[in-house]
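Here are a few exercises to work through with the model open beside you. Try each task before you read its solution.

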Amino acid sequence: MSTVSQLSHDDNDPIVAAILGKKPVCCSARQSVRDASRLMRQYAISCILITEDDGTVCGIWTAADARKLDFSQPDTADTPLSRVMSSPVRSISDTTRLSSATSTMLQYGIRRLLVTDKHNRAVGLVTQTDIIRQQKIEFYLQFRDVGSCLNAAPLQLSAQLPLGDAVKLMQQQDVDAAVVIFADNNQGIVTEHDLIHYLAQQKNCHTVGELASRSVLTVDNTTTLVQAVKLLTEHQLRHIAVKQGPALQGILSFTDILRNVEHAYVDQLRTALVARDAALRTSADYLRLAHKVIDASLDGIMITDSKGVIQSVNPSFSQITGYSRHEVIGQSPRLLSSGRHQADFYQQMWRVLLQQGRWQGEIWNRRKNGDIYPQWLTITAIRDEQQQISQFAAIFSDITTRKQQEQKIHQLAYIDELTGLANRRMFFDRLQLSLANAHHHQHKLAVMFLDLDLFKRINDTLGHLAGDQALKEVARRICATVREGESVARLGGDEFTILLPELDDNTSLAQLSRRIIAQIEQPVNLHGQEFFLTTSIGIAIYPQDGESAEQLVKHADVAMYQAKSSGRNQFCFYQASAGQQNADELKLEQALREALKLQQLQVHYQPKFALASNQIVGFEALVRWQHPQLGQVSPGRFIPLAEKLGLISALGEQVLQQVCQQLQQWQHLALPVSVNISALQLADADFVSRLQHIVQQAGIAPELLELELTESCLIPEQAEQTLAQLTALKALGFSLSIDDFGTGYSSLSYLRRLPLDTLKIDQSFVRDLPGNTGACQIASAIIAMAKALGLNVIAEGIETPQQRGFLLNAGCDHGQGYLVSAPLPAAQITPLLSSQLPC
């Protein structure tokens with residue numbers, strides 16, 4: 001075996017020779033920048049070695065060096081390399097370990113190293129990209145998101161900026177890429193590699209916009225580093241734009257990723273202590289590297305013993321906290337406590353750390369000078385050979401700037417600057433979510449539209465400053481009057497809205513309106529004088545007054561003008577037809593009782609299909625009611641009524657009996673059917689035994705029946721009872737799924753405890769795919785979370801091939817919707833099944 005083979009046989013830390021690819025490309029020192037740029041572009045490399053006439057390497061010129069040139073001069077590409085090269089060139093032996101090469105790069109703040117053989121001949125270059133692709137750190141990279149690696153907002157340049165000025169700004173701010181804003185508000189990107197292409201091709205570019213690429217690869221700031229590296233590699237790019245919602249947070253490069261790779265070495269150190277690997281334990285180079293990485297890390301690092309007593313800290317710890325090494329050694333980390341977190345926060349942290357060996361999250365701590373600041377903290381338990389915890393390693397970074405930027409972006413996008421209330425955009429976002437929730441859980445919601453009466457008098461008499469003061473006081477009074485969960489917003493001027501996401505009856509609306517009117521009637525002190533304000537309020541209710549956000553706000557506005565027309569300082573409902581509504585509801589109640597008695601409700605079946613093949617894999621049972629006189633009655637009307645009247649258990653039992661009888665006929669196909677279960681059914685202590693009896697009577701296997709629960713079933717006050725019921729159902733063989741996932745407010749920590757099999761993505765998110773970025777992000781997040789929890793995932797409401805394609809690419813396996821079939825009676829389903837059976 002050769003020396004190189006022997007030395008490279010180390011999966012944890014290979015030698016540099018084992019990863020070298022292309023041989024170095026060289027240029028004479030007498031050649032020009034243009035010559036070097038052409039070679040760099042020809043060989044797709046980011047640097048070139050500069051040699052003397054005898055072949056001796058005397059310098060290096062990189063893509064980053066291009067930023068130092070004066071692009072305002074037309075002959076800048078003719079500059080001799082001898083004038084602009086970097087010298088001397090940092091070099092390492094080809095037998096150097098990759099970890100040692102990384103340490104050298106971090107120490108000198110460089111991106112690449114010259115590699116020489118034993119005869120001191122140049123055999124290649126090792127770069128940051130090589131290290132990132134070769135290190136075994138995928139486990140680490142998937143637990144850091146790209147947003148946590150950004151240190152500053154991106155440099156943004158107008159497309160009309162002269163190219164020379166743009167390059168100077170990139171050099172001054174030491175960035176290798178910048179965002180270019182075009183006149184049509186589209187965004188592009190210019191990088192140091194674009195400068196190389198410019199120098200090589202002798203383009204005639206006067207502005208940065210002429211050079212910039214209009215194609216920018218973009219990811220959300222929650223994307224993991226491992227996903228970012230994969231995207232960069234697939235697209236053969238070095239930069240990727242990071243967004244936080246609609247706002248651009250920064251540009252991530254391989255340089256940023258390498259800067260964060262140093263975290264991985266703490267985990268390597270823990271592995272060394274646990275595994276007692278003989279090679280790592282005896283390697284002085286590795287130990288020196290570990291110390292260098294820890295000392296050079298921009299993140300604070302703290303090592304404690306098993307009891308939490310601080311044993312060691314690095315220099316960044318002192319820079320961030322203000323405490324010197326001697327002040328904290330022997331102390332408890334409680335020294336840093338901010339007092340913001342309750343005792344149960346730390347108890348939960350230690351519980352996770354001791355159970356899983358790792359805790360990661362956001363925490364607030366206090367500096368020596370008393371300042372409280374946010375940290376992103378990772379704690380790892382280090383175990384000895386007997387698997388007992390011997391130490392804890394904590395890595396943290398100060399995320400103050402990031403939090404401030406997030407807050408600023410949020411304020412600008414969603415908060416009314418004058419009053420601090422939600423603005424129009426946030427109000428409509430909340431209303432859309434509440435409408436989706438109300439639609440799927442079949443409850444009402446209300447929108448109240450408030451306009452101050454004759455408010456223009458204050459602005460005209462006292463000026464706009466006094467008017468602003470009055471608006472702030474009105475906002476305060478409204479917020480003090482509404483209940484928790486009711487959202488107040490200022491749409492603009494003297495117009496306010498209130499969203500009541502769940503509504504029992506109109507009486508509570510009338511009471512709230514009277515309280516608000518009474519509060520606003522109280523005198524307001526402006527410039528030493530008392531002024532009296534009144535307000536007119538319009539009210540619209542979902543679904544009777546509109547089913548979209550725009551309709552409800554419009555109708556509430558119309559009702560507000562009706563209140564003004566009636567004399568102001570009062571409230572008005574958009575439609576006052578309570579008598580007719582009561583009569584209709586009574587008629588529907590009598591018909592529903594009769595339908596249950598005569599078993600007139602029928603079950604239709606909507607196929608569930610594999611997204612990859614459209615093959616049917618199961619069905620969802622959906623109850624339908626065709627009344628002789630009332631016609632087709634929507635489930636959105638009779639199911640809430642059944643719950644209100646206490647008839648939902650009887651209705652659910654009839655559905656289960658029909659489904660089980662049908663499954664008995666289909667059981668040779670072994671296709672499961674899912675049935676929706678209400679919160680009232682689940683709360684019934686006898687539900688499990690009755691369901692077991694129905695299944696046994698039909699003679700079918702419980703595995704053929706899937707029970708779908710909405711998030712509203714997961715009532716916090718009944719958490720333990722619900723968990724016990726679901727555990728019993730699971731033990732009997734029934735499958736369990738969460739329906740309409742993402743529209744409720746259930747705790748994820750609680751969901752994780754439940755014995756679930758499947759998550760169903762709500763059709764309100766599927767409807768906007770793939771054109772709506774928010775819906776795409778939510779759907780992808782649900783799929784990723786389900787996969788992480790080991791759950792199946794199915795999307796409902798798929799109507800287009802584009803929706804199907806997006807979900808399939810995102811990792812969703814199954815779906816249902818009109819793309820394949822509407823819900824059908826069993827008689828129409830059986831032929832459909834026969835057509836899919838093999839011949």
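**Exercise 1. Work out how covered Phe345 and Trp359 are, and how their rings meet**.

Start with Phe345: its relative accessible area is 24%, so Phe345 is partly exposed (buried means under 20%, exposed over 50%, partly exposed in between, with a 1.4 Å probe and protein chains only). Trp359, at 11% relative accessibility, counts as buried.

A quick word on the ground rules: this is a predicted model, where local features need pLDDT of at least 70 and side-chain atom pairs count only at pLDDT 80 or more, while totals for chains, interfaces and linings use all residues. Residues are numbered from 1 along each chain as its sequence is written, and side-chain values use heavy atoms, leaving out hydrogens and water.

Next, the rings. The structure holds eleven aromatic pairs (ring centres of Phe, Tyr or Trp, the last by its six-membered ring, within 6.5 Å; planes under 30 degrees apart are stacked, over 60 edge-to-face, the rest tilted). The centres of Phe345 and Trp359 are 6.1 Å apart and their planes stand at 85°, so this pair is edge-to-face. Phe345 sits in helix H17 and Trp359 in strand S15, so the pair ties together parts 14 residues apart in sequence (helices are DSSP runs of H or I with at least four residues, strands runs of E with at least two, numbered from the N terminus). Finally, ring pairs link Phe345, Tyr346 and Trp359 into a cluster.

**Exercise 2. Trace the sheet that contains S15: which strands form it, and in what order?**

Begin with the hairpin. S15 (residues 358–366) and S16 (residues 372–383) pair antiparallel over nine bridges (strands pair if DSSP finds at least two bridges between them). Trp359 stands opposite Ile379 in S16. Five residues separate the two strands, and Gly370 in the turn has a positive phi of about 95°.

Now step across to S17 (residues 389–398), which runs antiparallel to S16 and is joined to S16 by nine bridges. Here Ala381 has Phe392 in S17 as its bridge partner.

Put together, the open sheet has five strands in the order S14-S13-S17-S16-S15, with antiparallel pairing. S14 (310–313) and S15 are the edge strands, each with a single partner, so one side of each has no neighbour in the sheet. From one strand to the next, the twist averages 25° (axes are lines fitted to C-alpha atoms, for helices over the stretch in contact, and angles run from 0 to 180 degrees between N-to-C directions).

Last, add helix H17 (residues 343–356): it packs on the sheet, touching S15, S16 and S17, and its direction makes about 150° with that of S15 (contact means heavy atoms within 4.5 Å).

**Exercise 3. Find which residues have the most contacts inside the largest nonpolar core**.

The largest core has 76 residues, and Tyr605, Val659, Leu705 and Leu807 have the most contacts inside it (a nonpolar core is a set of buried Ala, Val, Leu, Ile, Met, Phe, Trp, Tyr and Cys residues joined through side-chain atoms within 4.5 Å). Helix H26 (residues 648–666) gives the most to this core, with eight residues.

Follow Tyr605 a little further. Tyr605 counts as buried at 2% relative accessibility, and Phe619 does at 0%. Their ring centres are 6.5 Å apart with planes at 85°, so the pair is edge-to-face.
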